[in-house]
Amino acid sequence: MIQQQEDGDRRLIACAPGCQSCCVVNVSITLLEGISITRFLRSLDSDLVAQITSRLDQLWRDVRGLDDEERLFARRKCAFLDDQGCCLIYPVRPIFCRSISSTDVELCRAAVTGPVFGELHPVMMHQFQLQLYKILFLGVADGLALAGLDGRSFQLCGLVRYLLNYPNREVELLTESSLSWDEIYP
Ligand code: SF4
C-alpha cells in the first residue's frame with residue numbers, strides 16, 4: 001500500500017543520515033551505475049577500498065542468487081554502509097536507492113522487518129520521487145540497449161565487486177561485449 005502525497009512535496013520525507021533501515025534489500029543497478037560507483041570507489045583511500053572489497057566478497061557469497069524476500073530474511077547489510085550507518089557512495093548511489101524515500105520512520109522499519117515475522121506492513125514513500133527514478137532507471141537501461149550495450153539490471157554488490165576485481169573489462173563493456181552470468185557468478 002502506498003501513501004499518496006502532493007508531487008514534489010519533500011517536507012514529509014523522514015529519511016536521515018544513519019538510518020540504514022532499508023539498506024538490507026536487493027538493489028538493482030545498470031552497467032553505467034556499476035561503472036560510476038566503481039570509478040568513485042577507486043578515488044577513495046586504498047585501505048578503505050580494500051575493506052569495502054572484502055565486505056563485497058563476503059556479501060556476494062551470502063546473498064547471490066537470493067530473491068527479494070530471501071534477501072530481506074537474510075538481514076545482510078549493504079557493503080557500502082560505514083560505521084555510522086551512512087552510505088559511503090552517497091554521491092553516486094544507485095538510482096534504486098534514490099527512488100526510495102520513507103515518509104514514516106517506524107512504518108518503514110516495520111515494512112522491512114515485518115516479513116521475517118510473517119507480518120506485512122505498508123511502505124509509505126514519496127510517490128513523485130519513486131516514479132521519477134523508476135523512469136530514469138528504465139531510460140538508462142533502454143539507452144544502453146539502444147546503443148548496443150548491456151542494458152540488463154544487476155545486483156549492486158555482484159556487479160561492483162566484479163568491476164573492482166576486473167578493471168580491464170570496463171572499456172570492453174562500454175564498447176561491445178556483454179557480461180556473461182558465469183563472470184558474475186563464478
Ligand atoms: S548503496 Fe548506499 S543507500 Fe544504497 S543500500 Fe547501499 S548503503 Fe544503502
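Reader: What does Gln-20 count as, judged by its C-beta neighbours inside 10 Å?
Author: This is a predicted model, in which local features need pLDDT (the predictor's confidence in each residue, from 0 to 100) of at least 70, side-chain atom pairs count only at pLDDT 80 or more, and totals for chains, interfaces and linings use all residues. Residues are numbered from 1 along each chain as its sequence is written. A residue is buried if 20 or more other C-beta atoms, placed from the backbone, lie within 10 Å of its own, exposed if 12 or fewer, and partly exposed in between. Gln-20 has 15 such neighbours, so it counts as partly exposed.

Reader: Where is Gln-20 found relative to strand S1?
Author: Helices (H or I, at least four residues) and strands (E, at least two) are DSSP runs numbered from the N terminus. Gln-20 is not a glycine, yet its phi is positive, about 60°. S1 covers 28-29, and Gln-20 is found in the segment before strand S1.

Reader: Arg-75 also has a positive phi; is Arg-75 buried or exposed?
Author: The phi of Arg-75, which is not a glycine, is about 55°. Arg-75 lies in the loop between helix H3 (68-74) and helix H4 (95-99). Because 10 other C-beta atoms lie within 10 Å, Arg-75 is exposed.

Reader: Which residues does Arg-71 touch, not counting those up to four places away in sequence?
Author: Arg-71 is found in helix H3. With 18 other C-beta atoms within 10 Å, Arg-71 is partly exposed. A contact requires C-beta atoms, placed from the backbone, within 7 Å of each other. By that rule, Arg-71 touches Val-25, Asn-26, Val-63 and Leu-66.

Reader: Which helix gives the most to the largest nonpolar core?
Author: A nonpolar core is a set of buried Ala, Val, Leu, Ile, Met, Phe, Trp, Tyr and Cys residues joined through C-beta atoms within 7 Å. The largest one has 25 residues, and Leu-56, Leu-59, Ala-79, Leu-156, Cys-157, Leu-159 and Val-160 touch the most other members. Helix H1 (31-42), helix H2 (46-63) and helix H7 (156-165) each supply at least two residues. With 6 residues, the one that gives the most is H7.

Reader: Which residues is Ala-79 in contact with, leaving aside neighbours within four places in sequence?
Author: Ala-79 is one of the core members that touch the most others. Its contacts are Ile-52, Arg-55, Leu-56, Leu-59 and Cys-157.

Reader: How many charged residues are in the shell around the ligand?
Author: The residues around the ligand, each with its C-beta atom, placed from the backbone, within 6 Å of it, are Cys-23, Val-27, Cys-78, Phe-80, Leu-81, Cys-87, Ile-89, Arg-93, Pro-94 and Cys-97. Ala, Val, Leu, Ile, Met, Phe, Trp, Tyr, Cys and Pro count as nonpolar, Asp, Glu, Lys and Arg as charged, and the others, Gly among them, as polar. The shell has 9 nonpolar residues and no polar ones, and the number of charged residues is 1.

Reader: What radius of gyration does the protein chain have?
Author: The radius is taken over C-alpha atoms, and the globule rule is 2.2 Å times the number of residues to the power 0.38. For 186 residues a compact globule would be near 16 Å, which agrees with the chain's 17 Å.

Reader: Which element has the lowest mean pLDDT?
Author: The chain has a mean pLDDT of 90, and 95% of its residues reach 70 or more. Over residues 1-5 the pLDDT is below 50. Where pLDDT is low, the predicted coordinates should not be read in detail. Among the elements, H1 has the highest mean (97), and the lowest (86) belongs to helix H5 (residues 105-113).

How values were computed
Two residues are in contact if their C-beta atoms, placed from the backbone, lie within 7 Å.
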